[in-house]
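Open the model in your viewer and set it to a cartoon view. The stops below can be selected one after another.

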Amino acid sequence: MSEDADERDDDWFESALDDDPDVEGDGQADESETPFAGERSAESQPDSDSPFEDDSDGDPFDDGDSPFDDGDSPFDDDSGDGGSGGLFGEDFATAFESAGSGDGGSGDEFEDEDFDSDIPRIDVGIDGLDRMIQGGVPRRHLIVAIGSAGTGKTTFGLQFLHHGLENGENCVFITLEQSHSAIMDTATDRGWGFDEYQAQDRLAIVDLDPVEMANSLDNIRGELPGLIEDFDADRLVLDSVSLLEMMYDNPAKRRTEVFDFTRSLKAAGVTTMLTSEASEDNPYASRHGIIEYLTDAVFVLQYVRSETRETRLAVEIQKIRNANHSRETKPYEITMDGISVYQQANIF
């Protein structure tokens, strides 16, 4: 790789933190500077302990062994087809059909009971969905929204950040799919005031080329906790992790890189939302079947169709560690105000 390419790889974050961010053209950062100058302090190093020690039952990392050893790992089948032998097989499809039968499934209404916990919690910022989460998502958790094209994954992430900004938090949005200007236009159309937050240095929007990010991932992963600390970020969104996964043809390499990347995010102490493409064969699984095991909360966004072929959007909370939540599948809409989940409605 040429020296010029190395400079481009190392300049991925600084443009978002400049006092006068460059939003013209394609939004690329100035190649003359690097955000990685100087030594990082010991505090900014990722914690040596695994961030997944508090995994819930059924997590592939409970036994303390490497998740990439040969054996009965949920990653052994890398096809992502969600066959009947995996965790996301026919039982989930049957459960979904039951939820859409008209009687609302096994739990007709989710009762808003108090949830005793000392863990600090935050709201996602989506009407209806927050009421399905009893007490909110634990702060500093790693969240993923899985869905096919058009289900509103990017909107989900932007709305998550907007809610944090409204409550005085600092936020970072890293996109591998769209330009800086496209993200700003989307927020402006919805009246979310991202221009103002960016001018106040409370919001950083970074657009990266996924190939360049994969080439410099070791550098980015090592510096990310320190950069988040410097920006004092409370919430971070990466849209999407699927493009990063696609950069690795070798399944073992892909699993290792994604595992290390999510571990660095956990060490950074920021509440992070990732977006991921759904498997073509199983809407309840991610494209490569990895990220749902490495995150603390999983939201599934999907299309459902009735016998009359009417199409609706539906959301399901697959898991949230250390939090109670509704198990029902609920319809939602994407409007100019963002995503709204209809908690009182059932699918068909």
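Two strands are taken as paired if DSSP finds at least two bridges between them. What you have open is a predicted model.

**The sheet**

Select strand 9 (297-305) and strand 10 (residues 311-320). They pair in the antiparallel sense, over nine bridges. Show side chains here: Phe-299 stands opposite Ile-317 in strand 10.

Now extend the selection to the whole sheet. It is open, has nine strands with mixed pairing, and runs in the order 6-5-7-8-4-9-10-12-13. Go to its edges, where you find strand 6 (203-207) and strand 13 (338-341). Each of these has a single partner strand, so one side of each lacks a neighbour in the sheet. Between neighbouring strands of this sheet the turn is 20° on average, direction ignored.

Stay with strand 6 and add helix 6 (residues 180-189). Helix 6 lies across strand 5 and strand 6, and runs at about 135° to strand 6.

**Helix 5**

Next select helix 5 (residues 153-166). How many of its 14 residues are buried? Twelve are, and the helix is mostly covered. Among the buried residues are Lys-153, Phe-156, Leu-158, His-162 and Leu-165. The end C-alpha atoms of helix 5 are 20 Å apart, which agrees with the 20 Å that its 14 residues should span at 1.5 Å a residue. Just after helix 5, look at Gly-168, which takes a positive phi of about 80°.

**The nonpolar cores**

Colour the largest nonpolar core, which has 37 residues. Val-124, Leu-129, Phe-156, Phe-194 and Phe-299 have the most contacts inside it. Helix 5 supplies the largest share of this core, five residues. A second, separate core has 36 residues, including Ile-174, Ala-278, Ile-290 and Ile-291.

Centre on Phe-194 and display its surroundings. Which residues does Phe-194 touch, not counting those up to four places away in sequence? They are Leu-158, His-162, Leu-165, Met-184, Ala-187, Leu-203 and Ile-205.

**The salt bridges**

Side chains of opposite charge can pair when their charged atoms come close. With N and O atoms within 4 Å as the cut-off, the count comes to seven salt bridges. Three of them can be visited in turn.

Begin with Glu-169 and Arg-139, whose closest N and O atoms are 3.9 Å apart. Glu-169 sits in the loop between helix 5 and strand 5 (171-175), and Arg-139 in the loop between strand 3 (137-138) and strand 4 (142-147), so the bridge joins distant parts of the chain, 30 residues apart. Glu-169 counts as buried, at 11% relative accessibility, whereas Arg-139 is partly exposed at 34%. Add Arg-235 to the selection: Arg-139, Glu-169 and Arg-235 are linked in a network of salt bridges.

Move to Glu-277 and Lys-153, where the closest N and O atoms are 3.5 Å apart. Glu-277 is in strand 8 (residues 271-277) and Lys-153 in helix 5, 124 residues apart. Are these two buried or exposed? Both Glu-277 and Lys-153 are buried.

Finish at Asp-296 and Lys-266, which meet in a salt bridge of 2.7 Å, N to O. Asp-296 lies in the loop between helix 12 (291-294) and strand 9, and Lys-266 in helix 11 (residues 251-268), so the pair ties together parts that are 30 residues apart in sequence. Asp-296 is buried, as is Lys-266.

Terms used
Residues are numbered from 1 along each chain as its sequence is written. This is a predicted model: local features need pLDDT of at least 70, side-chain atom pairs count only at pLDDT 80 or more; totals for chains, interfaces and linings use all residues. Side-chain values use heavy atoms; hydrogens and water are left out. A nonpolar core is a set of buried Ala, Val, Leu, Ile, Met, Phe, Trp, Tyr and Cys residues joined through side-chain atoms within 4.5 Å. Buried means under 20% relative accessible area, exposed over 50%, partly exposed in between (1.4 Å probe, protein chains only). Helices (H or I, at least four residues) and strands (E, at least two) are DSSP runs, numbered from the N terminus. Contact means heavy atoms within 4.5 Å. A salt bridge is a side-chain nitrogen of Lys or Arg within 4 Å of a carboxyl oxygen of Asp or Glu. Axes are lines fitted to C-alpha atoms, for helices over the stretch in contact, and angles run from 0 to 180 degrees between N-to-C directions. The expected span of a helix is 1.5 Å times one less than its number of residues.
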